[in-house]
Amino acid sequence: MSTNDVKSARRVLDILQFFAATQAPATLSQISAGLGIPKSSCLALLDTLEGDGYAHQTAGRYYLTRRWLNEARTVAEHDQLTTRIRPTLEALRDELGETLILAQRSGDHVVYLDVAEPDRIVRFTARVGQLKPLHASASGRALLGAMAPAEREALASRLSLDRYTSQTVKTHKQLLRLIETEATRGWHVNLAEHQADTLSVAAPLVLYGTVLALVVGAPLDRSAAKADAIGQTLLAAGRQLAQRIDGPAVSPAK
């Protein structure tokens, strides 16, 4: 794939995210300015999307069509990973009364693959595709903890360790020590390290040879005292899930 192809793919995603953020039709000038690209390039992309039924134009303003939604639903319905794990997320959400998340490492971040939120006014909110820092999230440390020690140390040593709250881990040595301690226990706990007043608990899950993380996100004041109980629940659920889907349980690398 050429550099131009990669740039065009990035710009199509930028257009999708532009309309997701603005939630309103926009002129060519508005879209071009919002994306920071030349009008000619923007027009070429919009013409392609319009010609393939992904965008429409009314009175000089563009908007995306429901074809995106229809095809996204089809893709989601046939995701063999998330569709098999979704019932477990929903069962844990109902049991614990908190938000359940399926996460995976993407480079130096964690990406959320699926989210099941409880029907509560006050809850931990998350969205599919959301990125979190590896060092300041329970999910990130669970994923790091499942790596072989040498690989984990190499990755952790290059993380920037951005500070989000006063509780964020400060040094690479502290991070590695924390990961090792929590990995031995089996689950990882984040107490207001990325967002104040929130808690997350995560346990690794190995399926099809891929390391994932089962995560609970919750308000800190409601769940801090239950963090270890939540961790034990996630650990047991992950083992049962791996046994059912992937055969005999596979322990993360030590």
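Modeller: Two strands are said to pair if DSSP finds at least two bridges between them, and helices (H or I, at least four residues) and strands (E, at least two) are DSSP runs numbered from the N terminus. This is a predicted model, in which local features need pLDDT of at least 70 and side-chain atom pairs count only at pLDDT 80 or more, while totals for chains, interfaces and linings use all residues. Residues are numbered from 1 along each chain as its sequence is written, and side-chain values use heavy atoms, with hydrogens and water left out.

Colleague: How many Å separate the centres of domain 1 and domain 2?

Modeller: The chain, whose secondary structure comes to 10 helices and 8 strands, has C-alpha atoms that fill a box of roughly 60 × 40 × 35 Å along the principal axes. By an automatic or database domain assignment, the chain is divided into domain 1, residues 7–71, and domain 2, residues 79–246. Taken over C-alpha atoms, the distance between the two domain centres is 35 Å.

Colleague: What percentage of the residues in the chain is buried?

Modeller: A residue counts as buried under 20% relative accessible area, as exposed over 50%, and as partly exposed in between, with a 1.4 Å probe and protein chains only. Of the 254 residues in the chain, the buried share is 41%.

Colleague: How many of the residues of strand 7 are buried, and why is this strand largely enclosed?

Modeller: On one side of strand 7, Thr198, Ser200, Ala202, Pro204 and Val206 are all buried, and on the other side Leu199, Val201, Ala203, Leu205 and Leu207 are buried as well. Both faces of strand 7 are thus covered. Strand 7, residues 198–207, is largely enclosed by the rest of the structure because the count of buried residues is 10 of the 10.

Colleague: Which residue in strand 8 stands opposite Val206?

Modeller: Strand 7 has antiparallel pairings with strand 6 (residues 188–191), through 4 bridges, and with strand 8 (residues 210–219), through 10 bridges. In the pairing with strand 6, Ala202 stands opposite His188. In the pairing with strand 8, the residue opposite Val206 is Val211.

Colleague: Which residue takes a positive phi in the hairpin of strand 7 and strand 8?

Modeller: Most residues other than glycine have a negative phi. In the hairpin of strand 6 and strand 7, with 6 residues between the strands, Ala192 takes a positive phi near 55°. In the hairpin of strand 7 and strand 8, which has 2 residues between the strands, the residue with a positive phi near 55° is Tyr208.

Colleague: Is Ser200 buried or exposed?

Modeller: Ser200 is found in strand 7, and, leaving aside residues up to four places away in sequence, Ser200 is in contact (heavy atoms within 4.5 Å) with Ala138, His188, Val189, Asn190, Val215, Val216 and Gly217. Because its relative accessibility is 11%, Ser200 counts as buried.

Colleague: What is the relative accessible area of Ala213?

Modeller: Ala213 lies in strand 8, where, not counting residues up to four places away in sequence, Ala213 touches residues including Ile101, Ala142, Leu143, Ala203 and Leu205. The C-alpha atom of Ala213 is 42 Å from that of Leu28, 185 residues apart along the chain. Ala213 is buried, with a relative accessible area of 0%.

Colleague: In strand 5, which residue is the bridge partner of Val111?

Modeller: Strand 4, residues 109–116, is mostly covered, with 6 of its 8 residues buried. Strand 4 pairs with strand 3 (residues 99–106) in the antiparallel sense over 7 bridges, and Gly107, in the turn of the hairpin that strand 3 and strand 4 form, has a positive phi of about 65°. Strand 4 is also joined to strand 5 (residues 131–133) by 3 bridges, again antiparallel. In strand 5, the bridge partner of Val111 is Leu131.

Colleague: Is Ala59 buried or exposed?

Modeller: Ala59 has its place in the loop between strand 1 (55–58) and strand 2 (61–64), and its phi is near 50°, a positive value in a residue other than glycine. Because its relative accessibility is 79%, Ala59 counts as exposed.

Colleague: Is Leu161 buried or exposed?

Modeller: Leu161 is found in the loop between helix 7 (149–157) and helix 8 (172–185), and Leu161 has a positive phi of about 55° although it is not a glycine. At 9% relative accessibility, Leu161 counts as buried.
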